[in-house]
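Dear colleague,

I am passing on the structure below, together with notes on what was found in it. Please read the notes with the model open beside them.

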Amino acid sequence: MSVVFRAMIRNQKRPVVLTAFPTDHINTVLERQDPLLDFRRVILKAWWSSEYLQATDKADWKDVEIYFGPTCFVAQNLHLLPNLKWIQTAEAGVDTLLNIKRDLPSDVTVTRNAVTFKRSISQYVIGQIISANMNFQHFQRMQNQRTWDRVISSSGLNHLSSCSVGILGMGAIGGEVARACKYWDMTVWGLKRSKVTEEERSEFVDQYRQPCGLPVILSSCDFLVNILPSTPETQGLLNGDVLSHCSKQPLFINVGRGDVIDDDSLIAALRKGWLSGAVLDIFTEEPLPQNSPLWGEEGVVITPHASNQSDNMDSYKQLATMFLANYNRYVTGQALENIVDIDRGY
């Protein structure tokens, strides 16, 4: 994959951009911030859908050089974009593109969204940590039973400053989760694929480990947060008896990818007491089938891939600004930011 592009600007002609979103708000922001942007637009039925409600003539897509939007749409329509050179995804993950990487031309560069999700996902994670630590579910059960009970189990109401969190995946989102946890004076462990240099160390991470040091993280943490992408190295990383190292019975929070652990291994870890509970926002199959045993498993909280919700004007502005900053690098021949290594998967 090429890392730096030279935009072919002749006679002041700008590269054609195809956008695909379930709302026109992002296009409105783009037009407002760069009135000269030459783009075609597609209005999708939903963020996760390749079906659309409105689109420009597909014959006009042959000139498209840049795509900006969810990966599901471009994956389905790659054959209609013969001059495509750059894909700017609206998501943090690129699983859909990995599934078609054999069809992806070698001269197409992919960049991911490393901006708009990190704040919402970090809020989701710290919210779940506080909820578990404060035993809010206990209080909800008492309210449902119309019971006034001030007796808190010994596992509740710990100061977060006495707790440790292990973050699997220290990219942009992992870094933001670490910052949120450190605000509460938690001890933060970070799992990163490669060794971290002194220059790369974050002030919000106390200890780093590579994958070979995963057992140390598991045995040290009260909360375990998965933010890893889906790659051959991460798929099934927590399967089998790996979580038996969890001596402190942490709460497992998954906002990364569902295939880091299979359902049988997760349920076994819960029933054997290796985990105190699991908060699951991401699944291998979505929507989660109604016959999945996870729905009724004790200690499991299920949310419908909601941690990354950013369907608001502030997020639209952030997304548009992120794209235009990279677009300006593209047309001036500078290196793009947040480039995805398709072979690695992130």
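To begin with one helix pair, α4 and α6 count as oblique to each other, because an angle is called roughly parallel under 35 degrees, roughly antiparallel over 145, roughly perpendicular from 65 to 115, and oblique otherwise. Helices (H or I, at least four residues) and strands (E, at least two) are DSSP runs, numbered from the N terminus. The angle between α4 and helix α6 (residues 172-183) is about 45°, and their axes are 9 Å apart, where axes are lines fitted to C-alpha atoms, for helices over the stretch in contact, and angles run from 0 to 180 degrees between N-to-C directions. The crossing of these two helices is right-handed, a term used if the near helix is turned clockwise from the far one by less than a right angle, left-handed being the anticlockwise case. On the α4 side the contact (heavy atoms within 4.5 Å) involves Lys-118, Arg-119, Ile-121, Ser-122, Val-125, Ile-126 and Ile-129, and on the α6 side Ala-172, Ile-173, Glu-176, Val-177, Arg-179, Ala-180 and Cys-181. Sorted by class, the residues of this contact are nine nonpolar, one polar and four charged; Ala, Val, Leu, Ile, Met, Phe, Trp, Tyr, Cys and Pro count as nonpolar, Asp, Glu, Lys and Arg as charged, and the others, Gly among them, as polar.

Before going further, please note that this is a predicted model, in which local features need pLDDT of at least 70 and side-chain atom pairs count only at pLDDT 80 or more, while totals for chains, interfaces and linings use all residues. Residues are numbered from 1 along each chain as its sequence is written, and side-chain values use heavy atoms, with hydrogens and water left out. The pLDDT, the predictor's confidence in each residue on a scale from 0 to 100, averages 91 over the chain, and 94% of the residues score at least 70. Over residues 1-11, however, the pLDDT is below 50, although this stretch has 28 contacts in the model beyond near neighbours in sequence.

Turning to the sheets, one is an open sheet of seven strands with parallel pairing, in the order β9-β8-β7-β10-β11-β12-β13, two strands being paired if DSSP finds at least two bridges between them. Its edges are β9 (207-209) and β13 (300-302), each with a single partner strand, so one side of each has no neighbour in the sheet. Direction ignored, neighbouring strands here are turned by 15° against each other on average. Within this sheet, β11 (residues 251-254) and β12 (residues 277-280) pair in the parallel sense over four bridges, and Ile-253 stands opposite Val-279 in β12. Helix α4 (residues 118-133) packs on the sheet and touches β7 (164-168), β10 (223-226), β11 and β12, its direction making about 160° with that of β11.

The other sheet described here is open and has six strands with mixed pairing, ordered β3-β2-β1-β4-β5-β6. Its edge strands, β3 (52-55) and β6 (109-111), each pair on one side only, and the twist from one strand to the next averages 15°. Strands β1 (residues 16-21) and β4 (residues 64-69) run parallel and are joined by four bridges, with Val-64 in β4 as the bridge partner of Val-16. Helix α9 packs on this sheet, touching β1, β4, β5 (86-89) and β6, and its direction makes about 160° with that of β5. Helix α1 lies across β1, β2 (39-44) and β4, running at about 160° to β2.

The helices α1 (residues 25-33) and α9 (residues 313-331) also meet, their axes coming within 9 Å and crossing at roughly 50°, which makes α1 oblique to α9. Here, too, the crossing is right-handed, and by class the contact has nine nonpolar, three polar and one charged residues.

Finally, two backbone details may deserve a look. Most residues other than glycine have a negative phi, and most peptide bonds are trans. The bond from Glu-286 to Pro-287 is cis, with omega near -5°, and Pro-287 lies in the loop between β12 and β13. His-305, in the loop between β13 and α9, has a positive phi of about 55° although it is not a glycine.

With best regards
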